[in-house]
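User: Please take a close look at one part of this model and describe how it sits against its surroundings. Plain wording is fine, as I am in my first year.

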Amino acid sequence: MLDTQATKAPPSLLYMVKQVELVVRSHLDELVRPSGITALQYTALTVLERHDGLSAAQLARDSFVTAQSIADLVRSLEGRGLVRRERNPRNRRELLILLTDDGRELLARHAGPVRELEERMVRDLTAHQTEQFRQALTKAWHALS
């Protein structure tokens with residue numbers, strides 16, 4: 001009699017990536033909930049921390065949300081005083097989104113717990129495997145971008 005477990009194909013990589021994304025988002029939501037924001041809002045703030053002064057379209061792309069949903073997200077963050085909008089001096093029709101001091105403070109408060117979450121995610125990997133994982137994810141992203 002054949003062992004059905006041995007003959008089953010492993011889950012697809014797409015499925016596994018989605019599983020990781022969902023569990024990371026769930027943990028991240030738990031971490032940032034006490035600050036009154038969501039994992040998606042936190043992601044947008046981290047994007048602005050790396051590249052401050054983005055247009056809404058750029059922020060949407062880099063935060064993995066639609067252009068339609070970024071408007072609500074930014075409005076909510078602006079209402080909390082975590083971001084501000086100002087006119088682009090090179091294109092007066094465009095508004096740039098900037099991180100405020102309160103936004104930076106919120107990110108600083110969560111830096112340790114978020115780093116611990118990431119460390120927990122890769123704790124069974126060696127430093128070399130973690131770097132290979134990072135490189136593989138980057139290559140996969142570039143291949144589909």
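Analyst: Beyond the neighbours within four places in sequence, Q41 is in contact with G36, L73, S76 and L77. This is a predicted model. Q41 belongs to helix α3, and its relative accessible area is 9%. The cut-off for buried is under 20%, so Q41 is buried.

Three of the names just given come up again when α3 is set against α5. On the α3 side of that contact are L40, Q41, A44 and L45, and on the α5 side are L73, S76 and L77. Sorted by class, the residues of this contact are 5 nonpolar and 2 polar, with no charged ones.

How are the two helices placed? Two packed helices are described by the angle between their axes and the distance between the axes. For α3 and α5 the angle is about 80 degrees and the axes are 11 Å apart. The range for roughly perpendicular is 65 to 115 degrees, so α3 is roughly perpendicular to α5.

α3 (39–50) also holds Y42. With 8% relative accessibility, Y42 counts as buried. Setting aside neighbours within four places in sequence, Y42 touches L28, V32, I37, L107, H110 and V114. One of these, L28, is 14 residues away from Y42 along the chain, and the C-alpha atoms of the two are separated by 8.5 Å.

L107, H110 and V114 lead to another helix, α6. The axes of α3 and α6 (residues 101–121) come within 11 Å and cross at roughly 105 degrees. This angle makes α3 roughly perpendicular to α6. From α3, the residues that make the contact are Y42, L45, T46 and E49; from α6, they are L106, L107, H110 and V114. The classes here are 5 nonpolar, 2 polar and 1 charged. L45 therefore appears in the contact with α5 as well as in the one with α6.

Next comes the loop ahead of α3. Where is S35? S35 lies in the loop between α2 (13–32) and α3. Is S35 buried or exposed? Its relative accessible area is 10%, so S35 is buried. Apart from neighbours within four places in sequence, S35 has contacts with R80, L106, R109 and H110. With R109 there is also a polar contact of 3.3 Å between the side chains. H110 is thus in contact with S35 and with Y42.

Another element linked to α3 is helix α4, which spans residues 56–63. Its buried residues are L59, A60 and S63. Seen down the axis of α4, these fall within an arc of 100 degrees, so they line one face of the helix. The cover over them includes α3, α5 (67–79) and β2 (91–99).

After α4 comes F64, in the loop between α4 and α5. Its phi is near 65 degrees, a positive value in a residue other than glycine. F64 has 63% relative accessibility and therefore counts as exposed, whereas S63 in α4 is buried.

To recap, α3 is roughly perpendicular to α5 and roughly perpendicular to α6. Q41 takes part in the contact with α5, while Y42 takes part in the contact with α6. α3 is also among the elements that cover the buried residues of α4.

How values were computed:
Residues are numbered from 1 along each chain as its sequence is written. This is a predicted model: local features need pLDDT of at least 70, side-chain atom pairs count only at pLDDT 80 or more; totals for chains, interfaces and linings use all residues. Side-chain values use heavy atoms; hydrogens and water are left out. Buried means under 20% relative accessible area, exposed over 50%, partly exposed in between (1.4 Å probe, protein chains only). Helices (H or I, at least four residues) and strands (E, at least two) are DSSP runs, numbered from the N terminus. The arc is that of the directions from the helix axis to the C-beta atoms. Contact means heavy atoms within 4.5 Å. A polar contact is a pair of N or O atoms within 3.5 Å; within protein, one must be able to donate a hydrogen and the other to accept it, and residues adjacent in sequence count only if both atoms are side-chain atoms. Axes are lines fitted to C-alpha atoms, for helices over the stretch in contact, and angles run from 0 to 180 degrees between N-to-C directions. Angles under 35 degrees count as roughly parallel, over 145 as roughly antiparallel, 65 to 115 as roughly perpendicular and the rest as oblique. Ala, Val, Leu, Ile, Met, Phe, Trp, Tyr, Cys and Pro count as nonpolar, Asp, Glu, Lys and Arg as charged, and the others, Gly among them, as polar.
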